[in-house]
Amino acid sequence: MIKRDYLIIGSGIGGASACEGIRRHDKRGSVTLVGAEELPPYKRWILSKSFLRERNPRLKKLQQPDELWYHSHKIETRFGTMVTQFNIERRVAVLGNGESIEFNKACLAMGSRPVRPPVAGVGLGNVIYLRTIRDALALREMASLEKMVMVVGGGLLACETAASLRQMKLKVSLMHRNSYLLNRYIDIGTGTWLTDYFAKHGVTMLMGESLNGFEGKTVLRNIQTKSGNRVPAGLAVVACGAEPNLDLVRNTPLAGPHGSPVTDYLETEEKGIYAIGDLAFYPDRIMGGVRRQTHWDSAREQGLIAGANMTGKKRIRYEEIPYFWTEMFDLTMHFVGDFSVQPTRVDLRGTYAKKKFVARYYQGEKLRAILLCQQTPREVESAKTQLRNALAK
Ligand SMILES: Cc1cc2nc3c(=O)[nH]c(=O)nc-3n(C[C@H](O)[C@H](O)[C@H](O)COP(=O)(O)OP(=O)(O)OC[C@H]3O[C@@H](n4cnc5c(N)ncnc54)[C@H](O)[C@@H]3O)c2cc1C
């Protein structure tokens, strides 16, 4: 049996950052990073953006950190390997190749996977779920062969992918069951403007339409909507949300209905076992409540903190303002704060027409979130400070 001081499961940005967090405070402890994907951790966020559009994207450029980093920091890596069993009591993990690793401390960083809608034809050829570099490579290839593509969903991933495919000159339709894009995050005024923005850029918007199924013998031919429409499409990208990858710890206290419950220090109720990134369901001491974030910066920061805490030399709370960004067409938007509840009042500074604005979202008198469109990194940082100050009052 292999014995390790630290075992990190999942080689996304969370897992990579946990390794980094450990090495900042413990230069010697033995660390193994196990990840199902073959590539070392890479910038997943780029897959729906320039990676799709660039003529010859370079895989090496995507790595974060560079794969040499693991070697120079004496981190053993097992890429292309699943952890298939996780025995909490014995502190033993079994890998897909049959090897077992006995660990002292572990970090669960298995991230999330696309939700598959419960309709006919979800497994047809040319129906794509965009999560990994393999998915993105397949999408690039199919986009070079097909002319008509349907994007199903109206969230961040759906919008980014639809925009990129449109920029690649494909005939793109987007089907979303709500009346405006990003309805889970933004107010109706901004959402309606954004929906029109997509239409003006040539995306056929099928708003208020729900998916009924995919038709075709082996590959996709048509998409059926619940209202009875049949839309021809040779390619579909399904972006209907992501669910935490909790199979490994299913039926244990480490798998809750909303993710893996952790403390302020990102530790689960099992001492020495941490959970981070898209998996972690953590108490938000700044905005209040308990939440799971599925965004890049939070996975990165949580990895660094969990890694540091695992060494026992630090005890750091995760206390960040929720934050993420998105890019679609020529727009970059930053989201600072809690967008999970619709605002009762929106204070808009700037204009949609100029594509440059800041929208402050209030619940009653309380500022809860700030949406920034085409603003500088400095303004984004200042929004975080403003929100922190407003919440401290
Ligand atoms: C296309 C796309 C675009 C995005 N764009 C943005 C953006 O613009 N801004 C933003 O803030 N966020 C964005 N995100 C979200 C962001 O990328 C994620 O929140 C982040 O990658 C989460 O990191 P993670 O390490 O928690 O999980 P993941 O990145 O999901 O990594 C988890 C890894 O664990 C592996 N794994 C799972 N189970 C096992 C197992 N049993 N054994 C071994 N390995 C396992 C998985 O294969 C995966 O490689 C985007 C996501 C996608 C898919």
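This passage describes the domain layout, one domain interface, a helix and several backbone details of a predicted model.

The chain divides into domain 1 (2-113 + 243-310), domain 2 (116-240) and domain 3 (330-392). Two segments make up domain 1, whereas domain 2 and domain 3 are each given as a single range. The contact between domain 1 and domain 2 draws on 20 residues from domain 1 and 17 residues from domain 2. Between the C-alpha centres of these two domains the distance is 30 Å.

It helps to put a size on this interface. Interface size is often expressed as the accessible area lost when the parts come together. For domain 1 and domain 2 the buried area is about 1,500 Å², with 59% of it on carbon and sulfur atoms. On the domain 1 side, Ser48, Leu52 and Arg53 lose the most area to domain 2, and together they account for 38% of what that side buries.

Polar and charged pairs also feature here. Between domain 1 and domain 2 there are 14 residue pairs in polar contact, counting pairs with both residues at pLDDT 80 or more. In terms of secondary structure, α2, α3 and β7 (112-114) each supply at least two residues of the side of domain 1 that touches domain 2. The largest share of that side comes from α2, with three residues. Three salt bridges are found across the interface of domain 1 and domain 2. A salt bridge also links Arg131 with Asp278, where the closest N and O atoms are 3.2 Å apart.

Helix α5 is worth a closer look. This helix spans residues 133-145, 13 residues in total, and reaches 19 Å from its first C-alpha to its last, close to the 18 Å expected at 1.5 Å a residue. Its buried residues are Ile133, Ala136, Leu139, Arg140, Met142 and Ala143. An α-helix has 3.6 residues a turn, so residues three or four places apart point the same way. The cover over the buried residues of α5 includes the helices α2 (50-53), α3 (59-62) and α6 (156-167), along with the strands β8 (127-128) and β15 (235-238).

Strand β10 (residues 171-176) contains Ser173. Ser173 counts as buried because its relative accessibility is 12%, below the 20% limit. Beyond its neighbours within four places in sequence, Ser173 is in contact with Val149, Met150 and Val151, and also with Val203, Thr204 and Leu206.

Finally, a few backbone details invite inspection. Most residues other than glycine have a negative phi, and most peptide bonds are trans. Gln64 and Pro65, however, are joined by a cis peptide bond with omega about -5°. Pro65 sits in the loop between α3 and α4 (68-72). Leu182, in the loop between β10 and α7 (188-200), has a positive phi near 55°. With a relative accessibility of 1%, Leu182 counts as buried. Lys355 likewise has a positive phi, near 60°, and is found in the loop between β23 (345-351) and β24 (356-363). Lys355 is partly exposed, its relative accessible area being 25%.

Methods: Residues are numbered from 1 along each chain as its sequence is written. This is a predicted model: local features need pLDDT of at least 70, side-chain atom pairs count only at pLDDT 80 or more; totals for chains, interfaces and linings use all residues. Side-chain values use heavy atoms; hydrogens and water are left out. Helices (H or I, at least four residues) and strands (E, at least two) are DSSP runs, numbered from the N terminus. The expected span of a helix is 1.5 Å times one less than its number of residues. Buried means under 20% relative accessible area, exposed over 50%, partly exposed in between (1.4 Å probe, protein chains only). Contact means heavy atoms within 4.5 Å. Domain bounds come from an automatic or database domain assignment. Buried area is the accessible area (1.4 Å probe) that two parts lose on being put together, summed over both. A salt bridge is a side-chain nitrogen of Lys or Arg within 4 Å of a carboxyl oxygen of Asp or Glu. A polar contact is a pair of N or O atoms within 3.5 Å; within protein, one must be able to donate a hydrogen and the other to accept it, and residues adjacent in sequence count only if both atoms are side-chain atoms.
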